[in-house]
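Thanks for coming, everyone. Please bring up the sequence and the structure, and we will walk through the spaces inside.

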Amino acid sequence: MTGQAAPNLHTNILNRIANELALTYQGVFSAETINRYIFESYVSLARTAKIHTHLPILAEGFAKDRLHALAVAEGKVASPVPQVLFICVHNAGRSQIASALLSHYAGSSVEVRSAGSLPASEIHPLVLEILSERGVNISDAFPKPLTDDVIRASDYVITMGCGDVCPMYPGKHYLDWELADPSDEGEDKIQEIIEEIDGRIRELWKSIQLSQN
């Protein structure tokens with residue numbers, strides 16, 4: 001992937017981001033790898049984005065997270081806390097709820113990611129609203145496609161109705177949660193889904209804590 005794959009309006013911005021990240025990861029990843037990650041991340045997000053104005057910022061965050069995950073997976077960066085990944089189809093409801101709640105309860109004691117096999121263009125508005133009412137703010141979150149680097153970096157991989165899209169790697173804890181999809185549901189049903197996920201997250205967090213002792 002090269003800078004030519006992004007709109008000319010954003011190419012210079014993406015090149016600047018790549019140059020800054022190359023300094024951050026000097027001696028860890030090549031400039032070519034970082035450049036590829038930046039532009040791949042941009043193009044991946046552009047496929048579903050409704051508005052492209054802020055895409056370079058989103059691509060920067062997505063690429064940073066992927067590069068960190070790759071560094072963890074390859075043993076180039078130490079991972080002091082468990083890495084947890086939630087996957088659903090659209091990364092607009094279930095996996096966003098789960099990742100937000102685990103981050104809310106565990107704080108910096110875990111590193112949490114989420115992704116979708118077919119990501120939507122935005123998080124379900126009612127999910128954002130109901131979580132906010134519970135004191136969980138995910139206004140900065142956005143749907144992201146599933147990538148191999150984040151799977152490889154994870155200690156726990158929890159899937160939610162996304163079939164067999166997730167590769168199986170040895171040494172990881174895989175869980176599959178059967179949950180209703182909030183995408184076409186109203187407020188009451190989404191409240192029920194969030195309550196069910198909340199209970200599962202509390203149990204998962206207890207299990208992770210026990211495994212660390």
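**Cavity, pockets and a buried pair**

Let's start with the largest cavity: it holds about 50 Å³ of space. Keep in mind that this is a predicted model. How many cavities of 30 Å³ or more are there? The count comes to 1.

Who lines the largest cavity? The lining is Phe62, Asp65, Leu85, Arg113, Ser114, Ala115, Lys144, Pro145, Thr147 and Val150. Two elements, H3 and S2, give two or more residues each to that lining. S2 has the largest share, with 3 residues. Sorted by class, the cavity lining has 5 nonpolar, 2 polar and 3 charged residues.

Now step back to the whole chain. There is a domain 1, residues 1–78, and a domain 2, residues 81–212. Taken over C-alpha atoms, their centres are 23 Å apart. In the contact, 15 residues come from domain 1 and 15 residues from domain 2.

On to the open spaces. The largest pocket has a volume of about 430 Å³. Its lining counts 19 residues, and the closest to the pocket centre are Leu58, Ser121, Glu122, Phe142 and Pro143. What classes do the lining residues of the largest pocket fall into? There are 12 nonpolar, 4 polar and 3 charged. And where does the largest pocket lie? Both domain 1 and domain 2 give residues to its lining, so the largest pocket lies between them.

Next, the second largest pocket. About 310 Å³ is its volume. Here 15 residues form the lining, and Val112, Arg113, Ser114, Ala141 and Lys144 are the closest to the centre. You have heard some of those names already: Arg113, Ser114 and Lys144 also line the largest cavity.

Which elements supply at least two residues each to the lining of the second largest pocket? They are helix H3 (55–73), helix H4 (94–106) and strand S2 (111–116). H4 gives the largest share, 4 residues. By class, the lining of this second pocket splits into 6 nonpolar, 5 polar and 4 charged residues. Again, domain 1 and domain 2 both contribute to the lining, so the second largest pocket lies between them.

Let's stay with H4 and pick one residue. Ser95 sits in helix H4. Is Ser95 buried or exposed? Its relative accessible area is 0%, and the cut-off for buried is under 20%, so Ser95 is buried.

What does Ser95 touch? Setting aside neighbours within four places in sequence, Ser95 is in contact with Phe86, Ile87, Cys88, Ser114, Ala115 and Met160. Two of these should ring a bell: Ser114 and Ala115 are in the lining of the largest cavity.

Ser95 has a polar partner too. Its side chain makes a polar contact with the side chain of Asn91, at 2.8 Å. Where is Asn91? It belongs to the loop between strand S1 (83–88) and H4. With 0% relative accessibility, Asn91 also counts as buried. One more point on the backbone: phi of Asn91 is near 50°, a positive value in a residue other than glycine.

To wrap up, here are the places to revisit on screen. Look at the largest cavity, with S2 giving the largest share of its lining. Look at the largest pocket, between domain 1 and domain 2. Then find the side-chain contact of Ser95 with Asn91. That's my tour. Thank you.

Note on methods:
Residues numbered from 1 in each chain as written. Predicted model: local features only at pLDDT ≥ 70, side-chain atom pairs only at ≥ 80, totals over all residues. Heavy atoms only, no water. 1 Å grid on protein atoms, 1.4 Å probe; cavity = no way out; pocket = protein on both sides within 12 Å on 5 of 7 lines; lining within 4 Å. Points joined across faces, edges and corners; volume = space filled by probe spheres on them. Nonpolar A, V, L, I, M, F, W, Y, C, P; charged D, E, K, R; others polar. Domains from an automatic or database assignment. Buried < 20%, exposed > 50% of the residue type's maximum accessible area, 1.4 Å probe, protein only. Polar contact = N/O pair within 3.5 Å; in protein donor to acceptor, adjacent residues only side chain to side chain. Contact = heavy atoms within 4.5 Å.
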